[in-house]
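Trainee: I am new to this structure and would like to look closely at a single part of it. Could you take me through that part slowly, and then on to what lies around it?

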Amino acid sequence: MMMLRIRSRDGLERVSFDNPNITISQLKTLIQNQLQIPIHNQTLSTNQNLLLSKSPSDLLNFTDMSDPTIPISALNIAHGSIIFLAYEGERTIRGPAVQPAGSFGRKMTMDDLIAKQMRVSRQESPHCESVSFDRDSANAFQQYVNETLAFAVKRGGFMYGTVSDEGKVEVDFIYEPPQQGTEENLMLLRDPQEEKLVDAIAVGLGMRKVGFIFTQTITQDKKDYTLSNREVLQAAELHAESELKEWVTALVKLEVNEDGGADVHFEAFQMSDMCIRLFKEKWFETEIGEDMDPKLSKMNKEVVVGVKDVREVDNDFFLVVVKILDHLGPLTSSFPIENRIVQVTTRALKNHLDRTKSLPFVKRIADFHLLLFVGRLLDVSDVPALAQYVQTQTAVPEGYQLLIESMATTC
């Protein structure tokens, strides 16, 4: 038996069949029969940007699955693969048969009335237009996870950058807090004093905290979900804490490529407004047992999904896909990064300054991770000022230069 995951505006669903060599036309027939979406309404693609399409004309750009005669195996579609589906019209989503609140023989309570109003559905559009990653910063994050941790344990960080008036998010550096990661869990051991210093540097750079980035492990890639229930809870908590409507949650994972190798893949989402509301109002069950399905988030009261009153919601209902771009930001990412296996020392500062001595001093220190390292040895009031010289690319006063150079000579 073969299974494909079908992701649409309604979340993640599945179709099953026996023959791995079916054509795209046959796949569409299966979707019609199993998911009740007429063939003529279906647009299929292996590209997740299909779900960002805002008009019928946008759908014409996705042609990789437009030929009905091509076998799905020719597109490297195998058991467990995700196919993206856009369709027009409305439909009733099949779900577990649960007696709705207010049914005959059941007395309606105040909780039932509240649940009736708490309707969970897909949010069509994110509040941010797009998220763009500084290439060096994103590469420094994924390279460490790939080459040192081998995607065997989870890793996370906070993204800092800017948000334009149009809602475009630019990520220019990633701060990695103290943490412990396992195959399934990521525990952030947050240090308020260090985060205060990070925020001070960001203020001087004209930036702010704009999102959360984390990795999934290679064992998670075999699981049938986009984000697990634990990941949804963590992402919702950090999004709610931020109070930023454009806040972005980014996911980094390994995916098998056409040649059978593995590529590092970035995805970006916003947690839906309903997800954040449910989290703030404490609807989520926060104790997750080993027997719980990781692709479902459990509620402590019934909510309405489609036409059903349920206590378990497919995590995909809480995710709003965000378009990803990249850019070259104003900072470098060559200085050793904080809170990793190898501790950063003054020797690293000396090596960095020696390696960059041909550059103006302001360019030599234009690295967030360097600013964080030296910021620990400065008065907190000096940190935004030093960062502001980097932002404006103006000459760093001689006193700061001598102080930083003296730090490097103490190794």
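Which elements do the buried residues of α8 pack against?

Mentor: Please keep in mind from the start that this is a predicted model; the mean pLDDT of the protein is 90, and 93% of its residues reach 70 or more. Caution is due at residues 95-106, where pLDDT stays under 50 and for which the model has 19 contacts beyond four places in sequence.

Turning to your helix, the residues T346, A348, L349, H352 and L353 of α8 are buried. These residues lie on the same side of α8, because the arc they cover around the axis is only 150 degrees. As a general point, an α-helix has 3.6 residues a turn, so residues three or four places apart point the same way. The partners you asked about are α9 (361-364), α10 and α12 (398-408), against which the buried residues of α8 pack.

From here it helps to follow the chain into the loop between β17 (324-327) and α8 (346-355), where F335 is found, while F373 belongs to helix α10 (residues 368-375). The rings of F335 and F373 form a tilted pair, because their planes are at 45 degrees and their centres 5.9 Å apart. This pair links distant parts of the chain, with the two positions 38 residues apart, and both F335 and F373 are buried. The count of aromatic pairs comes to 9, and ring pairs also link Y160, F173, Y175 and F368 into a cluster.

Rings have charged neighbours in this model as well: R340 lies over the face of Y144, at 4.0 Å from the ring centre, and K209 lies over the face of F158, at 4.5 Å from the ring centre.

A last place to visit is T226, which sits in the loop between β11 (208-215) and α6 (229-242). T226 counts as buried because its relative accessible area is 0%, where the cut-off for that word is under 20%. The side chain of T226 is joined to the side chain of R7 by a polar contact of 2.5 Å, and to the side chain of D316 by another polar contact, of 3.1 Å. Once its neighbours within four places in sequence are left aside, T226 is in contact with R7 and D316, and also with Q216, E231, L251, E267, F269 and L319.

Definitions and conventions. Residues are numbered from 1 along each chain as its sequence is written. This is a predicted model: local features need pLDDT of at least 70, side-chain atom pairs count only at pLDDT 80 or more; totals for chains, interfaces and linings use all residues. Side-chain values use heavy atoms; hydrogens and water are left out. pLDDT is the predictor's confidence in each residue, from 0 to 100. Contact means heavy atoms within 4.5 Å. Helices (H or I, at least four residues) and strands (E, at least two) are DSSP runs, numbered from the N terminus. Buried means under 20% relative accessible area, exposed over 50%, partly exposed in between (1.4 Å probe, protein chains only). A polar contact is a pair of N or O atoms within 3.5 Å; within protein, one must be able to donate a hydrogen and the other to accept it, and residues adjacent in sequence count only if both atoms are side-chain atoms. Rings of Phe, Tyr and Trp (its six-membered ring) pair if their centres lie within 6.5 Å; planes under 30 degrees apart count as stacked, over 60 as edge-to-face and the rest as tilted. A charge sits over a ring if NZ of Lys or CZ of Arg is within 6 Å of the ring centre and within 35 degrees of the ring normal. The arc is that of the directions from the helix axis to the C-beta atoms.
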